Structures are given as structure tokens and as C-alpha cells.
Amino acid sequence: PPLTQFFLDCGGLVRTDKKPALCKSYQKLITDLWHKNRHVAPSFSLTQPSFVVPTNLFQGIKAVNPMFRGYSQQDSQEFLRCLMDQLHEELKETVVEPEDQSPAIGGDDSPDEDDRSRSDSDFQSCESCSADSEGPRGPEEAEEVDMLIPDEEKANREWQKEKNLINNLYRAGSHGDLDKDVDTTNESRTIISSQGAIKQGKTADSNPEIQISNNARPHSPSVNEAIAPKLSSSPPKSTPMWPSLSSAHKKVTSFAPPKSKRQRKYRSVISDVFDGTIVSSVQCLTCDRVSVTLENFQDISLPIPGKEDLAKLHSSSHQTALVKAGSCGEAYAPQGWIAFVMEYIKSWFWGPVVTLQDCLAAFFARDELKGDNMYSCEKCKKLRNGVKFCKVQSLPEILCIHLKRFRHELMFSTKIGTHVSFPLDGLDLQPFLAKDSSAQITTYDLLSVICHHGTASSGHYIAYCRNDLNQLWYEFDDQSVTEVSESCVQNAEAYVLFYKKSNEDAQKERRKVTALLNMMEPSLLQFYISRQWLNKFRTFAEPGPISNNDFLCAHGGVPPHKATYIDDLVLMLPQNVWDHLYSRYGGGPAVNHLYVCHTCQMEIEKLEKRRKNELDMFVRLNKAFQEEESPVVIYCISMHWFREWEAFVKGKDNDPPGPIDNSKIAVNKNGHITLKQGADSGQISEETWNFLHSIHGGGPVVTVRPSVSHQEVETSQAEEKIEVETRSV
């Protein structure tokens with residue numbers, strides 16, 4: 001199976017700095033289970049034990065999800081989902097997006113100047129800006145003046161100059177002036193453009209009727225300065241061309257929350273193996289408007305239809321209605337009236353005969369939205385009767401199907417014991433595909449089944465799994481493993497089923513590549529290829545185009561933080577094997593020379609310089625603010641944004657926090673923006689606000705004037721928040 005093979009063959013890729021490092025525990029479990037010395041030994045054998053105890057994995061799961069602590073019965077499907085989610089969080093990495101050098105398209109969607117992320121030259125220390133503020137001096141005159149001024153007074157003067165410069169530059173309304181007084185000997189380029197000019201293209205966001213779910217943003221790995229010895233420091237003469245990616249965004253109103261940092265895309269071996277896409281459509285029966293939503297899924301929870309539901313699904317009239325509605329009537333197209341009547345008669349004596357195809361058809365059948373479940377139409381601006389139906393847009397490599405056997409009512413829970421027959425081979429999902437789906441392989445073979453024995457309140461789980469080496473089925477019941485027949489598996493009361501795509505052509509391709517490798521043909525060039533993609537080629541029915549982006553940056557080089565373990569990321573292939581794979585699957589880019597990306601190294605250095613400058617200036621400004629006895633005006637800042645900024649300047653997050661978002665701490669009273677009572681906010685000086693706002697932009701401006709006594713208490717409490725957050729700096 002793909003996931004098992006990944007942890008066996010790509011162990012060097014299992015890296016995480018997140019607790020409890022569940023991926024490490026899972027990797028150890030898999031390697032122990034598939035150890036080459038493991039064999040079915042008697043219990044008294046002193047060589048290799050015949051069982052493995054996953055203690056570390058279980059402890060890690062309990063640490064992340066407290067509901068699994070203790071000895072009460074838990075749902076296996078929930079356990080699997082929690083395990084997969086945690087593995088994804090620990091293993092996910094950023095999808096490399098090529099840099100877009102084209103200018104932004106003007107119009108309503110162009111970002112405001114204040115909301116863009118500043119370039120590296122904008123984050124120099126203001127200490128260097130004050131040198132030329134009073135005009136040039138001769139060296140002797142400057143030295144004489146410095147000797148006459150006491151050190152303390154000299155420091156106060158210099159500090160006042162910096163404060164005045166920040167305020168003057170900010171009030172001038174031209175943030176571009178900051179570039180004039182900084183050292184311009186270094187190249188000025190954007191470090192990380194979280195709110196920069198983004199080229200608007202034709203994306204899902206440009207259509208208000210289409211919504212696409214996004215993944216959450218993880219913590220980026222830290223930078224390692226060590227370089228692998230096999231990497232050179234110079235890039236090749238020709239660099240690969242990267243297609244530009246575009247994203248749409250909306251203009252922010254004056255009091256609306258400012259645009260957040262750019263959403264990044266992430267992937268992991270979990271998402272590669274289990275992720276699929278469903279397209280849901282809702283049609284208003286009044287105006288015929290159709291709203292389409294795309295959403296990812298890792299498993300499908302199917303209902304178990306009863307007698308009446310089965311009669312509707314099998315009736316020819318319902319089939320016709322479903323076919324017209326673009327739903328799943330095709331699944332029952334070959335069935336005639338005679339077969340339907342025979343099944344209906346048998347159901348009276350032996351109960352309803354439910355197949356997995358019935359459950360799929362019930363899930364994908366159209367749903368009438370009426371009565372208490374009416375549809376809120378955006379075009380009509382009213383509740384309307386509607387029709388909802390869904391289809392599969394893209395199919396996962398491993399299809400996880402969960403049967404809803406447990407029904408939880410208000411006072412009690414029950415279990416549906418209906419037997420659901422399922423195929424061991426050849427499960428076809430073609431009838432449930434969307435018309436514009438690009439899926440080529442639609443048939444699946446059963447990989448494993450989880451069964452539950454007992455009631456809704458207590459019971460026991462066992463599993464049936466097919467060994468990929470000898471194609472035999474085994475029953476796993478705690479520490480007991482027994483070989484079983486296929487009929488035993490088919491008679492099981494299935495709860496969760498795992499199906500794998502089947503493709504004979506993929507097996508033929510693997511045999512061809514093996515034959516080419518055994519030829520030992522002399523090769524003038526050696527090509528590097530991703531180990532992750534090779535794992536897909538060995539285990540996936542559809543490995544997709546070759547993707548070497550997991551060890552390359554957007555500039556075509558090796559990112560500095562991956563240079564130390566590049567051997568774990570790549571494998572070298574002879575030219576004839578590379579040519580065959582490239583002609584068959586495409587993708588790339590072709591790599592026969594590895595080098596550390598100089599551009600990424602420069603950006604890392606600039607990013608560190610930016611962090612240091614921002615942090616040092618904030619500490620100095622905040623220290624001066626704490627020493628000020630009676631400030632005239634105090635600026636408020638959202639602690640949520642401040643914590644994101646703090647994580648950025650301390651190196652815990654590689655992405656800038658985006659524009660300041662004070663919308664959650666502000667309230668509009670009679671046209672004046674004031675601080676919301678009890679808001680999670682901190683107090684800073686005017687100079688600190690101007691400094692942060694000149695870099696990050698955002699708003700709105702929220703101020704308090706400490707003239708009323710009860711406000712002094714709130715001010716001191718908010719100041720303590722800032723002190724607590726920055727005490728470790």
C-alpha cells in the first residue's frame with residue numbers, strides 16, 4: 001500500500017519539529033512490522049517476536065486527543081481521522097509556487113499601497129536614517145561637537161531624532177520616502193510578498209458561485225545553514241521556466257478586516273493518498289440559479305438505505321429522474337423490472353439486500369430542499385425550494401468508505417445491523433463522476449475492512465486485510481492473526497472499507513522500468529528524481545506527472561534548509577530510465593546538477609535582517625513608552641495580530657503577519673472608532689504604531705486618551721499584556 005511503502009522507502013522524509021512527533025512513532029511501528037527478520041514464530045521463540053506493541057503511537061494519540069484516554073469504547077473511524085489529521089499536520093510542506101513577476105492589473109481589485117508588504121530596504125534600522133538629517137559636517141567639527149555633549153544628552157538627542165523621523169515620514173503620507181535614507185548598496189527586492197501586487201487571473205474566486213476549500217497554514221521549517229558536500233554553489237546557465245500562478249482578491253473597505261497574509265497550499269503523503277474532490281450543486285427551482293461548491297474529502301460516510309429507500313433507488317421512474325438531474329441513476333441502468341421484483345420479494349423473507357452500490361447511490365442521489373430545509377437563494381434573496389446533488393470531481397488513490405451503522409438519538413443510541421454486500425474487486429465509481437472529471441481510472445479493489453461486533457454502547461473491532469505480496473486475506477484480532485478465505489471477508493459486517501485503484505497498465509510500466517534498470521546501459525548523464533514521486537510510481541495506479549518540486553525551490557535550485565539531507569530526497573537514474581519515465585508521464589523539471597539556490601540564501605539573509613531590525617526598533621520604542629509617565633494619546637493594537645507579528649520576528653513563522661487587523665477590537669460609535677470593551681488589545685505609543693503601520697499597513701486606528709480615571713486601569717492592564725508578550729525578547 002502507498003502509505004506503508006512511503007514510511008518504508010522514504011524514511012528520511014519523515015521529519016517534524018511538532019509534538020508529539022506521531023509520524024516518528026508510526027514510522028517505527030511500520031518498520032518493526034515489516035522488518036526483514038520478522039517471521040511468524042512460536043511464542044517461545046527467542047529470535048524475533050511475533051507481535052508488535054504500538055505503545056508510543058497510542059501514547060501520542062492520547063496526548064493530542066484526550067478523548068482516547070481511559071478505557072471507554074471509541075469509534076474506529078474517528079480514531080483513524082484523528083491519526084491521519086495529525087500525520088498530515090506533522091508531514092505537510094508548502095507547495096512550491098513560482099514567483100509571479102508580472103505587474104498587477106489595475107482596477108477595483110488592485111491592493112492599496114498601504115497594505116502591501118514592504119521590500120527589504122524598508123526595514124532598515126532608522127538609526128542609519130538620522131545621519132544625514134542635519135546636513136553634512138566636516139570630521140573635525142563633528143568630533144569636537146561630540147566631545148562637548150554629555151553621553152546621556154547625546155543619546156537622548158539621537159533617540160528624539162529617530163522618533164521625529166518616524167513620525168514625520170509617517171505623517172508625510174509617502175511610505176516610499178523610507179527608501180531614500182537607507183543603505184541602497186544591497187539589492188532591494190521583496191522578501192516574502194504576502195500582500196504584494198498579485199496578478200488577477202481566472203480562478204474560482206472570480207466566480208461568486210464557486211467556493212473552494214483551502215488547507216490550513218502550518219509552521220514552516222527552520223533554516224539550516226549547513227550545506228551538503230555534493231551540492232555546488234553556482235546555478236546552471238539555464239534555469240527552468242516556471243508558469244505564473246494567479247490569485248484573485250477583493251478590495252478592503254475602510255472598516256473591514258484588512259487582507260490577511262497570502263494563503264499557501266500544502267500537501268503531504270496523507271493528502272496525496274487519501275484526498276479526493278466532490279462538487280456539490282444546488283439549484284433554485286424559482287430562478288434556476290445553480291450554486292457550485294468544491295470541497296476536499298478524505299473519506300465518504302454513506303447511509304445504509306432501508307426498504308423504502310431501496311424501492312425508490314431501484315424504481316425505473318426514479319432512475320429516469322436521477323439521470324435527467326445529472327445524478328447517479330446510471331448505476332442502476334442495466335437492472336430490469338424482473339430483477340427488481342425478485343429482490344423485493346426476497347427482502348420480505350430475509351430482509352433488504354443492500355449492496356455498497358446502493359449506499360453510494362443513496363449518498364449521491366439528489367436531495368429536495370423544501371419545508372424546513374429550504375434553500376437560501378442569493379439571487380432571489382429569499383428562502384426557496386431547491387434541489388441538491390453532488391458528484392465526484394477527482395478520485396483518491398485510496399478510497400475510504402465509512403458506513404453509518406450507528407444512530408445517535410437524544411436519549412439513546414442504536415446500531416444498524418443490516419448486512420451490506422461489497423465487492424472484493426472491481427468497484428466502479430464511473431456512474432458517480434462529474435461530466436467534466438478528468439479521472440481515467442475509476443475501478444477499485446478492496447484492500448482492508450474494519451468490522452464492529454457488539455452494540456452501540458460496547459463491542460470489539462477486528463480487521464480483514466489483504467497481503468499485497470501473496471494476495472491472501474488475514475484476520476487481525478488484537479494479537480491474533482489468522483488466514484481466512486474470501487467468502488469469510490465477504491460475509492463480514494463491514495464498518496469501514498479501504499479500496500485501492502486498480503490499473504494493469506501501471507504494473508506493466510513498473511516491469512518495463514525494472515527491465516531498463518537491469519540492462520546496465522552506459523549513460524553519459526545521470527538525472528535526479530524525487531523519491532516521493534518514485535514511491536508514487538511504485539504504488540499508485542495513477543502517479544501523475546513527475547514532480548521534482550519537493551526538493552527544488554521556485555528558482556530551480558535546492559532550498560538551503562534542504563541541502564543537508566538532499567540524499568533523502570532524491571535518487572539518481574540513468575538517462576535511458578529518465579527518458580522513458582519523462583516520455584510516459586511528463587512533468588519535471590529535468591535535473592542533472594544540484595546546487596544550493598543563491599537567491600533563496602539571499603532572501604533568507606534579508607529576512608533575518610528584517611526581523612532583527614523590526615524587533616530591535618520595537619523594543620526601543622516600547623521601552624521609551626514604558627518610561628513615559630503621562631502620554632497624551634495611546635494607540636491600541638490587536639493582540640491576535642501582535643502575536644502573529646511576534647512569531648514572525650522571533651523566527652517561529654516564516655510568513656509576515658500581513659496588515660494590522662484592529663477590526664475585532666474596534667467599535668464604531670456615532671462615527672467615531674473607539675476601543676471595544678473587554679477587547680483583546682494592547683497599548684503602544686504613537687511612534688510604535690507609526691513604525692508598525694508604515695511597514696505592515698492595515699487598521700483602523702484605535703486610540704484612547706488617559707484623561708478619565710477608569711481608563712487608566714484598562715491602559716495599565718493592556719500595557720501588561722504587551723510586557724508579558726515581549727518579556728522573552
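Q: Let's start with two residues: are Phe7 and Tyr26 buried or exposed in this model?
A: Phe7 is buried, and Tyr26 is buried as well. Keep in mind as we go that this is a predicted model.

Q: How many aromatic pairs are there, and what describes such a pair?
A: The general idea is that two aromatic rings are described by how far apart their centres are and by the angle between their planes. Searching the whole structure turns up 16 aromatic pairs. Take Phe7 and Tyr26: their ring centres are 5.0 Å apart and their planes meet at 70°, so this pair is edge-to-face. The pair links distant parts of the chain, as Phe7 is in helix 1 and Tyr26 is in helix 2 (residues 22-33), 19 residues apart. Phe6 joins Phe7 and Tyr26 in one aromatic cluster.

Q: What else lies in helix 1?
A: Leu8 does, within residues 2-9. Leu8 counts as partly exposed because its relative accessible area is 31%, and buried would mean under 20%. On the surface, Leu8 helps make a nonpolar patch of about 410 Å², together with Leu33, Trp34 and Leu469.

Q: Okay, zooming out: how many helices and strands does the protein chain have?
A: There are 19 helices and 32 strands. Of the 729 residues in the protein chain, 43% are buried. The chain exposes about 39400 Å², with carbon and sulfur atoms supplying 52% of that. As for contacts with a separation of 6 or more, 77% come from residues 24 or more positions apart.

Q: Which side chains pair up by charge, and how many salt bridges are there?
A: In general, side chains with opposite charges can pair when their charged atoms come close. Here, the whole structure has 22 salt bridges. One of them joins Arg611 and Glu608, with their closest N and O atoms 2.8 Å apart. Because Arg611 and Glu608 are three residues apart in helix 16, about one helical turn separates them.

Q: Buried or partly exposed: which is Arg611, and which is Glu608?
A: Arg611 has 4% relative accessibility, so it counts as buried. Glu608 is at 42%, so that partner counts as partly exposed. Leaving aside residues up to four places away in sequence, Arg611 touches Phe648, Val649, Gly651, Asp653 and Asn654.

Q: Which other salt bridge could I look at in helix 16?
A: Try Lys612 and Asp616, whose side chains meet at 2.8 Å, N to O. Lys612 is exposed, given its relative accessible area of 52%, while Asp616, at 33%, is partly exposed. Both residues lie in helix 16, four residues apart, which is about one turn of the helix. Elsewhere, salt bridges with shared partners join Glu93, Arg267, Asp272 and Lys536 into one network. Within that group, Asp272 and Arg267 meet at 2.6 Å, N to O. Arg267 has a relative accessibility of 18%, so it counts as buried.

Q: Where does a charge sit over a ring?
A: Look at Arg15: its charged end is over the ring of Tyr565, 3.8 Å from the ring's centre. Lys92 gives another case, lying over the face of Tyr266 at 5.6 Å from the ring centre.

Q: And a loop residue: where is Asn467?
A: Asn467 is in the loop between strand 18 (459-466) and strand 19 (473-477). Its C-alpha atom is 8.4 Å from that of Leu447, 20 residues apart along the chain. Not counting residues up to four places away in sequence, Asn467 touches Leu472 and Tyr474.

Technical notes: Residues are numbered from 1 along each chain as its sequence is written. This is a predicted model: local features need pLDDT of at least 70, side-chain atom pairs count only at pLDDT 80 or more; totals for chains, interfaces and linings use all residues. Side-chain values use heavy atoms; hydrogens and water are left out. Helices (H or I, at least four residues) and strands (E, at least two) are DSSP runs, numbered from the N terminus. Buried means under 20% relative accessible area, exposed over 50%, partly exposed in between (1.4 Å probe, protein chains only). Contact means heavy atoms within 4.5 Å. Accessible areas come from the Shrake-Rupley method with a 1.4 Å probe; for residues, only the protein chains shown count as cover. Patches are made of residues with over 30% relative accessible area and no salt bridge: like charges are joined within 9 Å, nonpolar side chains (Val, Leu, Ile, Met, Phe, Trp, Tyr) within 5 Å. A salt bridge is a side-chain nitrogen of Lys or Arg within 4 Å of a carboxyl oxygen of Asp or Glu. Rings of Phe, Tyr and Trp (its six-membered ring) pair if their centres lie within 6.5 Å; planes under 30 degrees apart count as stacked, over 60 as edge-to-face and the rest as tilted. A charge sits over a ring if NZ of Lys or CZ of Arg is within 6 Å of the ring centre and within 35 degrees of the ring normal.
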